Amino acid sequence: MPVPLPSERLEALHSALLAWFARYARDLPWRRTRDPYRILVSEIMLQQTQVERVIPKYHAFLAAFPTLERLAGAPTAEVIRLWAGLGYNRRAVNLQRTARTVVEEHGGDFPREVATLRRLPGVGPYTAGAVACFAFEQDVAFLDTNIRRVLRRVCIGPDDVAGAVRDRELLALGAALVPPGRGWAWNQALIELGALVCTAASPACPRCPLRPDCRAYAARAAADEALVGAMAAGVHPPAARRIAERPSEPYAGSRRWYRGRAIDALRALSPGSALLLAELGLRLKPDYGPADEPWLRGLVADLDRDGLLVFENERVRLP
DNA sequence: AACCCGGGGGT
DNA sequence: ACCCCAGGGTT
């Protein structure tokens, strides 16, 4: 059961992290704007995708679709083409659906409320909070993989057995930490700390501004001390045991891989043109034959359902 | 709650 | 060969 941080430490926590952010934050393009459209594009692209790979795609996408209205009015095929290399292609379709929803149902006026944002396609709890905070500078709390990890370590530490603390509880904890009026910088700073210092595999605690108030650090320091004492006494800890796992399926040849190759094949077509089903099959499998047709129809049907292609008259094309 | 959805880079 | 990454949607 996590205990809230002592209130007398709250102000110190705020100033420590905000000062660290002011000094060490990366200069990322989406931190230079409050335009909700640009913030949304960045947030959708950043879902499960690293910053370094998003940056060039972000610029290219906004060059092609500089405004919400331009994205809403573009052929979906073009949006999918611009998404090449980012993965999770449904994000591209949902992003355009959101643009069209905002244009058609909100008169082009971007929603500000988290609950309203949350209803947009492709916008979940994280993205709704991020847009409310990073575009409209609201002091809202939300969780992404970085914030979740930082909060777990700082506020819960060794009590977080196997991630037993739920998001609901973590979110309540996080909401109590947001400094009034500084939500934008605070949430950016939590994410930045998780990305640069409090990383998943090897956190750089020696240069962490939150170290004085971090439960995980305190516990680790105590454990290290005990270990050093034990080693000095001639006691060695048991070697970590490797748990045997079944070999995982290779990615090439997986369903996900074929979906990606199918969309790539359609991207390569000149705009407006289509491919016979068997032609697509041959581009996915050199030895494609009639026996593969049911499999291909299933693949295509799912992509069609996802809005990533259109299958009509035995031909396949981008929407 | 479990599963699916891409692709690239790090270790 | 794993793990990780500014998550969301479906079942």
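## The small sheet

Two strands count as paired here when DSSP finds at least two bridges between them. On that basis, this predicted model has an open sheet of 3 strands, ordered 1-3-2, with antiparallel pairing. Strand 1 (275-276) and strand 2 (310-312) sit at the edges, each pairing on one side only.

Strand 2 and strand 3 (residues 315-317) run antiparallel to each other and share 3 bridges. To pick out one pairing, Phe311 has Val316 in strand 3 as its bridge partner.

## How chain A is divided

Chain A splits into three pieces: domain 1 (7-26 + 142-231), domain 2 (35-134) and domain 3 (255-317). Take the centres of domain 1 and domain 2 over their C-alpha atoms, and they are 29 Å apart.

What passes between those two domains? On the domain 1 side, 6 residues make contact with 6 residues of domain 2. The side of domain 1 that touches domain 2 breaks down into 3 nonpolar, 2 polar and 1 charged residues.

## Two nonpolar cores

Nonpolar side chains in soluble globular proteins tend to be buried together. Here the largest nonpolar core has 47 residues, and Val41, Met45, Ile80, Val131 and Leu309 have the most contacts inside it. Plenty of helices chip in: the elements giving two or more residues are helix 2 (36-45), helix 3 (51-64), helix 4 (68-73), helix 5 (76-82), helix 6 (90-105), helix 8 (125-134), helix 13 and helix 15 (293-305). Where does this core lie relative to the domains? Both domain 2 (35-134) and domain 3 (255-317) give residues to it, so it lies between them.

Ile80 is a handy residue to click on. Leaving aside residues up to four places away in sequence, Ile80 touches Asn89, Ala92, Ile263, Arg267, Leu308 and Leu318. There is also a second, separate core of 21 residues, with Leu17, Val154, Ile191 and Leu210 among its members.

## Helix 8, mostly under cover

Helix 8 is mostly covered, with 8 of its 10 residues buried. The buried ones are Thr127, Ala128, Gly129, Ala130, Val131, Ala132, Cys133 and Phe134. Val131 also turns up among the residues with the most contacts inside the largest core. The cover over the buried residues of helix 8 includes helix 2, helix 7 (114-118) and helix 11 (183-196).

## Next to the DNA

Which residues come nearest to DNA strand B? Out of the 16 residues around that strand, the answer is Thr49, Gly87, Asn89, Arg259 and Gly260. Helix 13 (residues 255-267) supplies the largest share of the surface near DNA strand B, namely 5 residues. Sorted by class, that surface has 4 nonpolar, 7 polar and 5 charged residues.

DNA strand C has 29 residues around it, and the closest are Leu46, Gly124, Tyr126, Thr127 and Ile191. Helix 2, helix 8, helix 9 (145-156) and helix 11 each give two or more residues to this surface. Its makeup is 14 nonpolar, 11 polar and 4 charged residues. A couple of names overlap with earlier sections: Thr127 is one of the buried residues of helix 8, and Ile191 is included in the second core.

## Two loop residues with positive phi

Gln48 isn't a glycine, yet its phi is positive, at about 60 degrees. Gln48 lies in the loop between helix 2 and helix 3. Is Gln48 buried or exposed? With 10 other C-beta atoms within 10 Å, Gln48 is exposed.

Tyr88 does much the same thing: it has a positive phi of about 45 degrees although it is not a glycine. You'll find Tyr88 in the loop between helix 5 and helix 6. Tyr88 has 16 other C-beta atoms within 10 Å, so it comes out as partly exposed.

## Along helix 1

Two residues of helix 1 are worth a look. Arg9 is found in helix 1 and is exposed, because there are 12 other C-beta atoms within 10 Å and the cut-off for exposed is 12 or fewer. Arg9 and Asp213 are 204 residues apart in sequence, yet their C-alpha atoms are 7.7 Å apart in space.

Ser15 also belongs to helix 1 (residues 7-24). It counts as exposed too, since it has 12 C-beta neighbours inside 10 Å. From Ser15 to Pro66 the sequence separation is 51 residues, and the C-alpha to C-alpha distance is 37 Å.

Definitions and conventions
Residues numbered from 1 in each chain as written. Chains lettered and ligands numbered in written order. Predicted model: local features only at pLDDT ≥ 70, side-chain atom pairs only at ≥ 80, totals over all residues. Helix = DSSP H or I, 4+ residues; strand = E, 2+ residues; numbered from the N terminus. Buried ≥ 20, exposed ≤ 12 C-beta atoms within 10 Å, placed from the backbone. Near = placed C-beta within 6 Å. Nonpolar A, V, L, I, M, F, W, Y, C, P; charged D, E, K, R; others polar. Domains from an automatic or database assignment. Contact = placed C-beta atoms within 7 Å. Core = buried A, V, L, I, M, F, W, Y, C linked by C-beta atoms within 7 Å.
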